[in-house]
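Q: Please take a close look at the packing around one residue of this chain, and then follow the contacts of helices and strands elsewhere in the model.

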Amino acid sequence: MVERFLKQTHFTSVEDYNNNLEFIIPENFNFAYDVMDAWAAEKPDGLALLWTNDQGEEIRATYADLKAQSDQAASYLQSLGIGKNDPVMLILKRRYEWWVVMLALCKLGAIVIPATHMLTKHDIVYRNTRASVKAIVCVDDEYVVSQIQAAKADSPTVKQYITIADHGKPIPQGFHDWQTEWQQAPAFQRPAFVNTNDDTMLMYFTSGTSGEPKMVAHDYLYAMGHLTTGVFWHNLHEGSLHLTVADTGWGKAVWGKFYGQWFAGATVFVFDHEKFNADTLLRQIEKYRVTSFCAPPTIYRFMIREDLSKYDLSSLEYCTTAGEALNPAVYDKFLEKTGIRMMEGFGQTETTMTLGTFPWMTPKPGSMGIPNAQYDIDLLRADGTSCEDGEKGEIVVRIGDKKPIGLFKEYYRDEELTREAWHEGIYHTGDMAWRDEDGYYWFEGRIDDVIKSSGYRIGPFEVESALMTHPAVVECAITGVPDDIRGMVVKATVVLGKEWKDKAGDDLVKELQQHVKKVTAPYKYPRIVEFVDELPKTISGKIRRVEIRKKDADKA
């Protein structure tokens, strides 16, 4: 499959990859038809999706199964008036049907908008209005349904409400019953014209670490942009069983549970669960013999606190991480316990993977890796000039004659916001990093998160990494607090390990402060330390430092 879309399919070095990565771009590419249906024709019995949940239910879907089911779903959605360019919001948690509906909407040329099940009425109205959502497909979850129903009166563009409930459960008033109706649809007829490469295929509302969520629009080549994610960064192949820990409501799901994995012909493993538990997750890896695993550093932090000798993890071949910066202490402990080197990657809702550690590289603990060859990456100073090695700057993507495969089209219906981020041939990520002499990039934080104290610029990640080497600390967030003398001082909001919670107090504060002074430059130590049970996060698992700063400002 990969050879249809790349002129060279195997690489042995950074130089080889950088010099020879070249896409073959079909006219009017459509992932559902050109990849998934093609696999169904070539290896119909190949296992495409292995789904299980915390009740022990299990579904094994071949490529032929997914073709048949997505055709049927596409026909059903057509019967409800859904077609090309119609925005459809999915609130499906990790239900099996999410994968079917995603493919079905792609086959219709509709615009899919995955969303989290944690949305409130306000969130749903905002999305429905901003995107002119025509239909919502949701789980039969009491909270989700109640918020959608509450939003109805303020959502005039939504014409169809569809719920996927377990057989026998009553259907909320005003909702179509997926389970009963979809199998009654007639045989699917592919539309005469589905899409161009430039049409909008997918939209995500960003997780909103600051401000209102932005509406990120992606074209049909975005799917192809993830070929490098699955085939090279995840290092997948036919026979791989890949698990990415991600909710289907945020972008990491299509990074790790959809496009790139199926380009590789791998099997996507899904564990549908209500609440994360490290022991339960490790048992799933052990039971199903998962070969490839990807999760944000938060998940690894909890995993390494388990006694990993209790689990048979011998099936694991490759592990990756993204979503936030990886603390070297977590990398070292995971390597010590498993013998596996985690390969870090970096990207945004607006991109596919822009920086990564590939199989032909030696990872440096805590580094995001090097630029992915499909992007022209640079670091810029505030004046717009390029940084030298060792100098902190903003990560940007330089745009040449044509938009890189995988980069977003625009912030939908917001030309001003698009121009702020993307102007003069440069897309500004808003993330800070520095580059070492070997070309590896090291994350510093969001531009808004950088702390200016007594003339120093302090990136939160470097202090967080220092704190994470102390055995008491499970998670932490570094923020700046206004100070009359220093301008700002460093504050640490810390989640302690269960065996340390009883020791929270002044003595532990001093111990942590002294620890940071020893691990990194003394001026970076947190002058304020607050112990909490959990950190505020987006659904994607990113720490909401803006929320911590707001609470501190409200107290002042």
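A: Glu97 touches Leu92, Ile164, Trp178 and Gln179, leaving out residues up to four places away in sequence; contact here means heavy atoms within 4.5 Å. This is a predicted model, in which local features need pLDDT of at least 70 and side-chain atom pairs count only at pLDDT 80 or more, while totals for chains, interfaces and linings use all residues. Residues are numbered from 1 along each chain as its sequence is written, and side-chain values use heavy atoms, without hydrogens and water.

Glu97 belongs to helix 4 (residues 97-108); helices (H or I, at least four residues) and strands (E, at least two) are DSSP runs numbered from the N terminus. With a relative accessibility of 12%, Glu97 counts as buried, a class that covers values under 20%, with exposed over 50% and partly exposed in between (1.4 Å probe, protein chains only).

Helix packing can also be followed between helix 2 (residues 31-42) and helix 3 (residues 63-79), whose axes come within 8 Å and cross at roughly 125 degrees. The crossing of helix 2 with helix 3 is therefore oblique: angles under 35 degrees count as roughly parallel, over 145 as roughly antiparallel, 65 to 115 as roughly perpendicular, and the rest as oblique. Axes are lines fitted to C-alpha atoms, for helices over the stretch in contact, and angles run from 0 to 180 degrees between N-to-C directions. Met36, Asp37, Trp39 and Ala40 of helix 2 meet Tyr63, Ala64, Leu66 and Lys67 of helix 3.

Further along the chain lies an open sheet of three strands, in the order 25-26-27 and with mixed pairing; two strands pair if DSSP finds at least two bridges between them. Strand 25 (473-483) and strand 27 (528-532) are the edges, each with a single partner strand, so one side of each has no neighbour in the sheet. On average, neighbouring strands of this sheet are turned by 25 degrees against each other, direction ignored. Helix 16 (residues 460-468) packs on the sheet, touching strand 25 and strand 26, and its direction makes about 140 degrees with that of strand 25. Helix 17 (residues 506-519) lies across strand 25, strand 26 and strand 27, at about 120 degrees to strand 27.

Strand 25 and strand 26 (residues 487-496) run antiparallel and are joined by 10 bridges. In this pair, Ile478 stands opposite Ala492 of strand 26.
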